[in-house]
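Work through these exercises with the structure open beside you. Try each task before you read its solution.

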Amino acid sequence: MNTQRHTPSKFERLLRAFMASPVEAALFIPERISGRHEYQPRYEPDPDWEARLHRWLAVPWPCPDRAKLDLLWRDIASELQAKGLQFGRQTYGEYSDAEISLARAAWCAVLHQRPSVVVETGVARGVTSRIVLEALNRNERGHLWSIDLPHLFEKNLHTQTGAAVPNSFRGRWTYIEGSSRRRLPSLLRSLVQVDVFIHDSLHTCRNTRFEMERTLTVLAPGGVMIVDDISTHQAFFNFAQDFPSLETLVCPHSDRVASYFGLVHKPTK
């Protein structure tokens with residue numbers, strides 16, 4: 001008897017995705033095609049990005065609240081592991097949870113800016129979502145809207161969406177299922193203004209640029225964008241060149257060489 005497990009081909013996986021969600025699967029195809037035109041720009045990361053972020057936010061550096069995030073980070077990892085879930089790079093299909101440097105950027109941006117409106121694209125297990133919600137809860141103000149398309153090709157992962165977010169924090173959280181291409185424009189219209197935006201959804205140049213441009217139209221003066229995984233395509237690089245009035249930073253990930261996320265600050269004047 002042949003007990004060898006069948007591995008679905010790319011065509012079979014795409015066919016299954018079309019059957020499960022025809023609209024989202026159709027929107028996914030141009031993103032894959034656009035990847036043929038992507039290239040890796042040469043970035044010079046700023047080793048002092050945390051100090052500069054705190055200057056943007058007009059708060060002291062070194063940050064007195066950094067140690068609190070380190071404790072929270074360990075708690076999140078322990079809670080996920082207690083649920084039988086792995087934590088880290090490429091443990092959510094081919095995707096990853098946030099790493100600690102990105103987490104620090106989100107923690108400090110939300111904790112110090114005291115935003116009313118935070119928008120996030122990409123949730124997966126909700127590690128970044130949890131960090132944002134912890135900061136909002138400490139501030140005793142603000143709300144997080146998160147847009148996420150559950151994994152198109154691995155349905156078994158759908159039950160893990162937002163696993164890091166406990167019920168006690170969900171009063172400040174609105175989860176919107178679907179791709180950012182479908183859901184972000186209407187959400188931004190309804191919110192009118194966004195204080196902090198976090199891109200961690202599909203990391204194609206086309207999708208990243210789409211999210212950044214749409215959000216910029218409603219980004220509040222003093223607002224911050226956090227853009228993950230800018231290393232593999234030119235979206236952040238070109239965006240920074242096209243909008244020179246904005247302040248930008250290239251920040252190194254803590255767990256990968258030549259892997260970066262970006263920060264954008266809209267000056268108040």
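A residue counts as buried when its relative accessible area is under 20%, as exposed when that area is over 50%, and as partly exposed in between. Keep these cut-offs at hand. Remember too that this is a predicted model.

**Exercise 1. Classify Cys251: is Cys251 buried or exposed?**

Step 1. Take the relative accessible area of Cys251, which is 0%.
Step 2. Compare with the cut-off: buried means under 20%.
Step 3. Cys251 is therefore buried.

**Exercise 2. Judge how far the model can be trusted, and say where pLDDT stays under 50.**

Step 1. Start with the whole protein. Its mean pLDDT is 89, and 88% of its residues reach 70 or more.
Step 2. Look for the weak stretch. Over residues 1-6, pLDDT stays under 50. For this stretch the model has one contact beyond four places in sequence.
Step 3. Draw the conclusion. Where pLDDT is low, the predicted coordinates should not be read in detail.

**Exercise 3. Describe the overall make-up of the protein: how many helices and strands does it have?**

Step 1. Count the elements: nine helices and seven strands.
Step 2. Check burial. Of the 269 residues, 53% count as buried.
Step 3. Turn to contacts with a separation of 6 or more. Residues 24 or more positions apart account for 79% of them.

**Exercise 4. Find what the salt bridge between Glu31 and Arg206 ties together.**

Step 1. Recall the principle. Side chains of opposite charge can pair when their charged atoms come close.
Step 2. Check the distance. The side chains of Glu31 and Arg206 meet with N and O 2.8 Å apart. A salt bridge needs these atoms within 4 Å.
Step 3. Place the partners. Glu31 lies in helix α2 (residues 22-34) and Arg206 in helix α8 (residues 205-216), so the bridge ties together parts 175 residues apart in sequence.
Step 4. Compare their surroundings. Glu31 is buried at 4% relative accessibility, whereas Arg206 is partly exposed at 35%.
Step 5. Widen the view. Arg181 joins Glu31 and Arg206 in a network of salt bridges. The whole structure holds ten salt bridges.

**Exercise 5. Contrast two further salt bridges, Glu50 with Arg66 and Arg130 with Glu134.**

Step 1. Take Glu50 and Arg66. Their closest N and O atoms are 3.4 Å apart. Glu50 lies in helix α3 (residues 49-56) and Arg66 in helix α4 (residues 66-82), so this pair ties together parts 16 residues apart in sequence.
Step 2. Add burial. Glu50 is buried at 13%, but Arg66 is partly exposed at 28%.
Step 3. Take Arg130 and Glu134. Here the N to O distance is 2.9 Å. Both residues lie in helix α6 (residues 127-139), four residues apart, about one turn of the helix.
Step 4. Use the geometry. An α-helix has 3.6 residues a turn, so residues three or four places apart point the same way.
Step 5. Add burial again. Arg130 has a relative accessible area of 5% and is buried. Glu134 is buried too, at 13%.

**Exercise 6. Test the length of helix α6, then find what covers its buried residues.**

Step 1. Allow 1.5 Å a residue. The 13 residues of α6 should span 18 Å.
Step 2. Compare with the model. The end C-alpha atoms are 19 Å apart, which agrees.
Step 3. Check the cover. Eleven of the 13 residues are buried, among them Val127, Ile131 and Leu136.
Step 4. Name the cover. It includes α4, α5 (100-113), β1 (117-121), β2 (143-148), β3 (173-177) and β4 (194-199).
Step 5. Step past the end. Glu140 follows α6, and its phi is positive, near 60 degrees.

**Exercise 7. Decide which side of helix α9 is covered.**

Step 1. List the buried residues of α9 (residues 235-242): Ala235, Phe236 and Phe239.
Step 2. Read their directions. They cover an arc of only 90 degrees around the axis, so they sit on the same side of α9.
Step 3. Name the partners. These buried residues pack against α8, β5 (219-227), β6 (247-252) and β7 (260-265).

**Exercise 8. Count the disulfides.**

Step 1. Set the cut-off: two cysteine sulfur atoms within 2.5 Å.
Step 2. Apply the rule. The count is zero.
Step 3. Look at Cys108. Its nearest cysteine sulfur, that of Cys63, is 3.9 Å away, and Cys108 is in no disulfide.

Methods:
Residues numbered from 1 in each chain as written. Predicted model: local features only at pLDDT ≥ 70, side-chain atom pairs only at ≥ 80, totals over all residues. Heavy atoms only, no water. Helix = DSSP H or I, 4+ residues; strand = E, 2+ residues; numbered from the N terminus. Buried < 20%, exposed > 50% of the residue type's maximum accessible area, 1.4 Å probe, protein only. pLDDT = per-residue confidence, 0-100. Contact = heavy atoms within 4.5 Å. Arc of directions from axis to C-beta. Expected span 1.5 Å × (residues − 1).
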